[in-house]
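Subject: Handing over a structure

Hi there,

Here is the structure I promised to pass on to you. Please open it alongside this email, and then read on for what turned up in it.

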Amino acid sequence: MALESEDILLPVDNGPATDNRLCDPHLSPWPLENSVAAGGEHVWVPFSFTHVEYVKGDLFGMIMAVSSLLPIFIVVGFTTLIYFRRDLHTIAFFAGTLLNELMNMVLKRSLGHLRPCTNRKHYGSNYAMPSNHSQFAWFFITYLILFVLFRLRPSPVPPKSRWMESLETGWKALVIFGALVAGCAVSFSRAYLHYHSSSQVLLGSSIGIVLGTVWYLIVGSYLIPLFPVIASWRVCEALLIRDTTLIPNIFLFEYSKIREENSLRLRKLRTSNRSQ
């Protein structure tokens, strides 16, 4: 909901060190009487080189500050994975996160909701509805869970290796559980650290889940059938961009092929040494 003419906008006034950003004094992201991060005389300090602030001396707040950095780690992981793997599905996944970010920017400017007031020095961007961190995290987590459940199909294994199926099911469950815990930590951290109200966090999380599901369906229904054609383009061949969607378990496939090639080269090397 955009700001009405009767809404009261007050700048945060805590001396010259405070960033003169606008916030909404009527928003309470967390019950102030129960939160160590409430305003008052608390001193907010940034976590390392970032602008994520937590109350000085609050160990749990520091953990929440670390948790809210998950989107940064995801972006770094994406760029690293794309550079070394060069897989079209990974590129499509990353393109979805960029579209999700664009949608968040549009919604923030359209709704015009401000952040809750605290005595912190930095607020970041003025608008906070929906929460960018929550939307990003839950878009990524939703797509990841759907990918693990429906894309990483178990490979056929001989009866003597059936234990591998149990191992595969176990690590899938571990990945899904870890992703859900990480998403909850990111969302909770934004409210606990007073960067967002609860409604801003919930809306961001909900939008991220919806967009993550929609983008997974779009990729599976419309983009994956085009991957073989795209991979055959000269620019993709020059950049070594590949399509691995027809391989049910890329990890097992690469492991088997690398082991097979390594054994072949080792036999050739031994034969060459004997001939000398």
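Below is a short tour, going from the whole chain to two of its helices and then to a pocket.

Please keep in mind that this is a predicted model. The chain has 276 residues, and 37% of them are buried. Nine helices and four strands make up its secondary structure. If you follow the sequence, the order is β-β-β-β-α-α-α-α-α-α-α-α-α. Among contacts in the chain with a separation of 6 or more, 69% are between residues 24 or more positions apart.

A good place to begin is helix H2, residues 70-85. With 16 residues at 1.5 Å each, H2 should span 22 Å, and because its end C-alpha atoms are 21 Å apart, the expected and modelled lengths agree. Which residues of H2 are buried? They are Pro-71, Ile-74, Phe-78 and Ile-82. Looking down the axis of H2, you will find these buried residues within an arc of 65°, so they line one face of the helix. The spacing fits a general rule: an α-helix has 3.6 residues a turn, so residues three or four places apart point the same way. On the other side of H2, Tyr-83 and Phe-84 are exposed. The buried residues of H2 are covered by parts of the structure that include helix H3 (88-111) and helix H4 (132-151). Just after H2 comes Arg-86, with a positive phi of about 55°.

Helix H6, residues 198-223, can be checked in the same way. Its 26 residues should span 38 Å at 1.5 Å a residue, and the end C-alpha atoms lie 36 Å apart, which agrees. The buried residues of H6 include Gln-200, Gly-204, Gly-208, Gly-212, Trp-215 and Tyr-216.

Finally, have a look at the largest pocket, which has a volume of about 600 Å³. Its lining consists of 26 residues, and those nearest the centre are Leu-81, Thr-90, Phe-93, Phe-147 and Phe-251. Where does the lining of this pocket come from? H2, H3, H4, helix H5 (163-192) and helix H9 (250-275) each supply at least two residues. H4 gives the largest share of the lining, six residues. By type, the lining of the largest pocket holds 16 nonpolar, six polar and four charged residues.

Enjoy exploring it!

Best wishes

Technical notes: Residues are numbered from 1 along each chain as its sequence is written. This is a predicted model: local features need pLDDT of at least 70, side-chain atom pairs count only at pLDDT 80 or more; totals for chains, interfaces and linings use all residues. Side-chain values use heavy atoms; hydrogens and water are left out. The expected span of a helix is 1.5 Å times one less than its number of residues. Buried means under 20% relative accessible area, exposed over 50%, partly exposed in between (1.4 Å probe, protein chains only). The arc is that of the directions from the helix axis to the C-beta atoms. Contact means heavy atoms within 4.5 Å. On a 1 Å grid over the protein atoms alone, a cavity is a set of points where a 1.4 Å probe fits but cannot get out, and a pocket is an open set with protein on both sides within 12 Å along at least five of seven lines; lining residues have an atom within 4 Å of a point. Grid points are joined across faces, edges and corners, and a volume is the space filled by probe spheres set on the points. Ala, Val, Leu, Ile, Met, Phe, Trp, Tyr, Cys and Pro count as nonpolar, Asp, Glu, Lys and Arg as charged, and the others, Gly among them, as polar.
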